Structure formats: structure tokens, C-alpha cells
Amino acid sequence: MTTPAETTILVVDDRAPKRYLLKNWLTRAGFAVAEAEDGHDALDKLRQRPFDMVVLDVKLPDMSGLDVCRHIKADPATTSTPVIHVSAHAVDAADRTLGLVGGADAYLVEPIDPHELVATVQAVLRYYQARRRAEQLAEGLSRLAQTTLAVTMARDFTELLGQAAAGAARLFGTAAAVATQTTDAGWALALATEAGKVTVGGWEPPGDDVPIGSHRITGLAAQWQLPADWPDPVTVTTARFRPDRPPLYLFTCAPHEEVHTQLLTQLTQALGAAAEAQRAQDQDHRIAVTLQRSLLPRHLPTVPGIDLAVRYEPASPQAEIGGDFYELSALGDQLLIAIGDVVGHSLHAATVMAEIRHALRAYAVEGHCPGRIVTLIDELMVRLLPGEMATLCLLLLDPRTGRARLANAGHLPPLLVADGRVSEIWHRAPLLGINHPRSDDLEFVIPEGGTLLLYTDGLIERRDITIRDGIADLSRLAGDVDADLGRYCDRLLRQLTNPPHADDVAVVAVRRL
Amino acid sequence: MDRASNPPQATHDVEILPDRVRITLAGEFDLANEQALTSWLVDAIQAGPGRPVEVDMHDVGFIDSSGIRVLLQAHAEAARLGGSFRLARASGTVREVLEIVAVYDFLTSGD
């Protein structure tokens with residue numbers, strides 16, 4: 001309970017001797033007292049600063065004490081200020097009832113006993129303090145829940161830490177900071193000012209070992225590499241769940257109330273759990289991406305007379321990995337070129353991609369033509385991978401003559417850039433996995449200096465434009481082939497896509513020198 | 001476009017007519033609502049086994065390869081139950097993507 005010395009009471013009475021008496025009694029009981037002469041004076045003073053209580057005469061010269069009380073209770077700023085009525089003249093039960101109905105918390109009738117006055121003031125304050133604590137706790141828990149939800153919904157560590165610091169600043173009404181180890185082994189600290197402005201940057205953890213569980217210590221801001229203007233002392237609350245997991249640090253300005261320490265612990269544990277979940281999710285994604293990359297070609301072949309470049313842009317960590325793939329192999333005097341996309345986004349799609357890629361290499365080594373290879377893969381999928389579907393564009397190129405044989409299976413048309421013109425190489429045949437009849441292979445020539453560009457839908461697909469328009473956009477940009485093919489691919493990716501990618505993007509460029 | 005936090009809006013409506021079952025789809029279809037589309041189509045096919053199924057695509061604004069896979073699988077399921085399955089009124093980007101993967105004729109012929 002608050003000590004009486006911190007408690008200021010406004011005494012309202014038009015008679016100076018009576019005010020003197022009330023002030024005297026209350027001061028001796030340890031309360032600070034301010035005085036007002038009438039109703040308007042009282043309401044003015046209440047507007048200027050908060051009071052912990054008003055002792056209010058019922059009969060004032062300018063307005064009724066009952067009306068003053070109603071004003072106090074109607075104003076949101078003073079509605080939880082307790083009011084004790086004192087009445088000079090003899091009143092009956094009906095008058096007292098009117099006072100209490102009007103919002104007063106107690107009603108004393110003269111002659112007033114000083115002990116009864118002080119005891120009544122203390123009883124009313126006790127009730128109000130309990131109520132205020134409960135209100136603060138309820139508000140704190142509501143903000144805690146909001147912050148927990150915000151950090152759980154965060155898509156990456158920057159957002160998570162920013163939401164955590166901003167939530168802590170809102171919760172405690174002071175500047176706050178949150179630090180932990182992010183997935184890429186670095187440590188990050190998010191700072192939120194009292195006004196809620198958030199900055200996120202790198203941070204070095206202290207060498208000390210953080211114990212398992214939730215702990216709270218007090219220190220100096222400089223020891224924790226907090227900004228120079230951070231007010232000392234700083235309260236550091238840590239959460240760590242296992243010895244092999246990094247801790248999470250929450251920095252706040254020292255709390256004064258018991259409510260805050262409960263909330264601090266709960267908030268730190270919630271933030272620690274959210275950080276663990278984020279790390280686990282990022283880790284899963286990294287494993288999946290590493291595995292998927294390991295299923296793609298490790299090296300590009302060296303083919304005389306041919307320049308090659310490949311780009312593979314991964315989907316954002318928030319998206320599942322895709323099933324895009326490509327293949328470039330020298331087979332005798334032929335170059336095998338393929339690009340494809342397995343339907344679906346998951347590690348499973350990546351494994352299907354690997355099976356298709358290995359099958360197409362095996363069938364190509366046997367010496368089949370592109371259309372036959374595609375048909376064999378299609379049959380294999382219907383038998384061994386039922387329900388899976390994929391698009392594939394496959395061609396065999398003779399680097400010496402530029403003669404190419406192409407078989408498409410539902411994939412986007414490659415672009416041929418030759419003599420300053422861009423043409424779409426359409427060859428319509430159904431996608432893989434449904435075993436539908438196919439048209440014959442398409443034969444064409446890549447002239448000397450000509451470039452063939454193959455790509456997956458991530459490069460051209462946007463929901464706000466049609467596929468035709470997407471291909472047209474690509475054609476416009478692809479006509480001007482950079483001397484460096486790698487730079488050519490980079491430029492197309494930069495001009496056509498907007499990281500972070502919702503989907504993987506693969507681009508293969510083949511130029512005849 | 002953030003597919004994870006903004007699943008596409010899609011709806012369906014099924015009418016069981018004396019001579020066929022008509023499913024009207026509307027909205028966008030991709031990996032995020034693949035499961036929903038599968039159950040809508042399979043439920044409709046099984047509601048009138050053997051009856052021709054017609055899927056009105058007029059109000060479908062977008063479909064990706066996952067959605068196309070569901071349509072192809074629904075076609076196979078209808079065939080298994082002795083019925084037919086055809087798409088009607090596919091236009092714009094939806095028709096375009098069905099043509100690129102070369103299943104437009106197959107899915108609209110009702111064979």
C-alpha cells in the first residue's frame with residue numbers, strides 16, 4: 001500500500017476554520033493536503049493536477065457538493081478519484097443516500113470524529129489502490145497478449161525484435177530494448193523509445209553465462225552496450241530455455257511496482273519462446289534450401305564454342321522452397337539443356353525434381369531424342385510418381401552447327417535472341433504426369449552469336465499482368481544481350497523481379513560464339 | 001505478393017441439375033487453397049456419380065500450376081466414376097495458362 005506521505009487530498013469547504021481543522025487532522029495522519037474554497041475552485045484545481053482523494057463539503061456557496069461530485073465522476077480524467085462527502089448540518093438517510101448514489105464513496109456527518117475521518121480516508125484509499133492495481137494488471141496483460149501475438153506473427157527476426165521492443169515500451173511506458181541471436185549467427189538488438197520509435201542493429205552479447213530459466217538483474221546501460229542516453233539503472237531480464245540455445249535479453253528502465261516485475265517475467269518468457277520458434281523455422285528453411293541446391297548441377301560444363309550462364313534465385317525465407325530445376329550437360333558432341341518446374345512448393349517437390357532430373361540424364365545418355373526422353377519421363381512419372389506433375393523444356397544442341405531439337409512439356413517458351421530480334425520458341429505439348437499424346441520435336445537453329453534464354457515462371461509471372469504481357473516484358477529486355485552472360489541474367493532478374501521472391505526463379509542463358 | 005499471410009479469396013457454388021452437376025468457381029486458386037479446391041470438386045463429383053460435371057471458370061481470375069493439377073486430378077476422378085468433367089468459360093489469364101501447359105483442349109472437351 002502507498003504510504004500516506006505520497007497521498008495528496010483536496011479539501012473543499014467554504015468555511016476557513018473547518019478547512020483548517022480537516023487539514024490539521026489529515027496532515028497529522030501523514031497526508032499532504034491542498035485546499036479549495038468552493039465548487040469551481042475545486043474543479044479548477046482537479047484539472048491542474050491529479051489528487052488521490054477529495055474531501056468535499058456538501059453545501060458550497062456556488063454549487064452543490066453533490067454536483068461537484070457528479071462532475072468529478074463524469075470526467076474520465078478524475079473518474080477514479082475517490083470522494084468523501086462531509087455535511088455540516090443535520091441530514092437524514094435520504095440525503096446521505098443521494099450523495100452515495102451521486103458517486104461519493106463515503107458520507108460523514110458533523111460532528112466529525114478525527115479518528116473516524118482518518119479511518120474512512122484510509123479504507124477508501126485501500127479499496128482504490130487495490131482497484132488501480134487490478135486495472136493496471138488487466139491493462140498490462142492485455143498489452144502483453146498483443147505483443148505476444150505480434151511477435152508470433154513476425155516473419156523474420158528484424159520484425160520480431162522490433163515488435164518485441166515496441167511492445168515492451170508500450171507495456172512499461174519507458175524506453176525498452178530486446179536482443180537475441182538471430183539465425184545467421186549474428187546478434188541483433190532492437191531499441192524502442194518511450195514514444196515507440198524502433199531501431200534494429202547489431203549487438204555483442206556479454207561474456208557471462210546466462211542461467212537457464214528467467215532471471216532479472218539490475219545494471220548500468222554502458223555495461224550492456226545500450227545507447228549513451230539510456231537512463232541508469234537498467235533492468236535486464238533474461239530468458240533461456242536450454243544450455244545449447246542462446247538467451248534473449250529484455251532491457252527496461254527499473255520498474256517500481258510489483259505488477260511490472262510479474263509482467264517483465266511473463267513478457268521475457270513469451271519473447272524467448274517466439275525467438276526459439278523463429279530460429280527453428282529459419283533453420284528448417286535453410287536445411288531445405290541446402291538440400292534443394294545439392295540436387296541441382298554443381299558445375300557448368302565447358303563446351304567449345306558455347307558460353308553458358310545460370311542463375312537460381314531462391315524464394316524468400318517466408319515462402320516454401322520451390323521445385324524449379326535446370327540441367328546442362330555435355331553428351332558426346334551434343335549439349336543437353338533443360339529447365340523445368342515441379343508443381344508444388346515443398347521439400348517433397350524438390351525430391352521429385354531430383355528424380356526427374358536424374359531420369360532425364362539417364363534417358364539422354366541412352367541417346368534418345370528430346371521428345372522420346374520427355375515421353376519416357378512422363379511414363380515413369382505416371383507409374384512411379386502418381387499425382388506429381390511438372391513442366392519441362394528440353395533440348396539437344398549441336399554446338400558446331402547450332403542445330404537444336406526441342407521438346408516442350410507445358411513449360412514457358414524459350415526466347416531466341418539473334419540478329420537483334422527476339423523470337424518465342426513455342427512448342428505446345430502437355431505437361432508431365434498425365435501421359436497425354438505429344439507433338440513431334442521442334443527443330444531450329446541458333447545462329448552464331450545467337451542466344452537462347454530459358455526461364456521459370458518466377459521471372460515473368462505476376463498476378464497483375466497476363467502471361468503474354470509478362471513474356472512481352474521479358475522479350476523487350478532480353479533483346480539487348482550483355483557481353484557478359486552472367487551480367488545479362490543478373491540484369492533480367494533485377495529488372496523483372498522484386499526480392500524477396502515469393503517463388504524460386506531459374507534462368508539459363510546459352511550463347512553460340 | 002505475400003501468399004503466406006494473404007490466402008487468396010476463392011468461393012464455389014454447386015448446383016445438382018437433372019442432367020449434370022455444375023460447379024461455379026470464383027476467385028484465385030493456388031497452393032494455399034489447393035486442398036479446398038480438391039474437396040469442392042471431389043465432393044461435387046461424388047454428389048452425382050456418373051453425371052457429367054461442368055466447372056464454370058468465368059469468375060476465376062487466377063490459377064497456378066497447383067490449381068491445374070487439381071483440375072486434372074478431378075478429371076481423372078470423374079472418369080474413374082464413369083462420368084465426364086469439363087471446364088466452361090475459362091478466359092483471360094486462366095485460359096492462357098491452361099494453353100501454355102497444353103491441357104486447355106483436354107479439359108474443355110468433356111471427353
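Which residue with a positive phi follows α3(B)? Keep that question in mind during the tour, and remember that the model is predicted.

**Stop 1: chain B as a whole**

Select chain B and colour by secondary structure. Chain B contains 4 helices and 4 strands. From start to end of the sequence, the order is β-β-α-β-α-β-α-α. Of the 111 residues in chain B, 39% are buried. Now consider contacts in chain B between residues with a separation of 6 or more: 70% of them join residues 24 or more positions apart.

**Stop 2: confidence**

Colour chain B by pLDDT. The average is 88, and 92% of the residues score at least 70. Strand β4(B), residues 85-88, has the highest confidence in chain B at 95, while strand β1(B), residues 10-16, has the lowest at a mean of 90. Next select residues 1-5 of chain B, where the pLDDT is below 50. Beyond near neighbours in sequence, this stretch has 8 contacts in the model. Where pLDDT is low, the predicted coordinates should not be read in detail. For the complex, the predictor gives an ipTM of 0.87 and a pTM of 0.68.

**Stop 3: helix α3 of chain B**

Select residues 92-100 of chain B, which form helix α3(B). Show the side chains of Thr93(B), Val94(B), Val97(B), Leu98(B) and Ile100(B), the buried residues of this helix. Look down the axis of α3(B): these buried residues fall within an arc of 160°, so they line one face of the helix. An α-helix has 3.6 residues a turn, so residues three or four places apart point the same way.

What covers the buried residues of α3(B)? Select α10 (467-478) of chain A, then β3 (53-63), α2 (65-80) and α4 (104-109) of chain B; the cover includes these elements.

The opening question can be settled here. Select Ala102(B): this residue follows α3(B), and its phi is positive, near 60°.

**Stop 4: strand β6 of chain A**

Move to chain A and select residues 176-181, strand β6(A). Of its 6 residues, 5 are buried, so the strand is largely enclosed by the rest of the structure.

Add residues 187-192, strand β7(A), which runs antiparallel to β6(A) and is joined to it by 6 bridges. One pair to pick out is Ala176(A) with its bridge partner Ala192(A) in β7(A). The hairpin of these strands has 5 residues between them, and Ala185(A) takes a positive phi near 70° there.

Finally, add residues 248-253, strand β11(A), which pairs with β6(A) in the antiparallel sense over 5 bridges. Here Ala177(A) stands opposite Phe251(A).

Key: Residues numbered from 1 in each chain as written. Chains lettered and ligands numbered in written order. Predicted model: local features only at pLDDT ≥ 70, side-chain atom pairs only at ≥ 80, totals over all residues. Helix = DSSP H or I, 4+ residues; strand = E, 2+ residues; numbered from the N terminus. Buried ≥ 20, exposed ≤ 12 C-beta atoms within 10 Å, placed from the backbone. Contact = placed C-beta atoms within 7 Å. Pairing = 2+ DSSP bridges. Arc of directions from axis to C-beta. pLDDT = per-residue confidence, 0-100.
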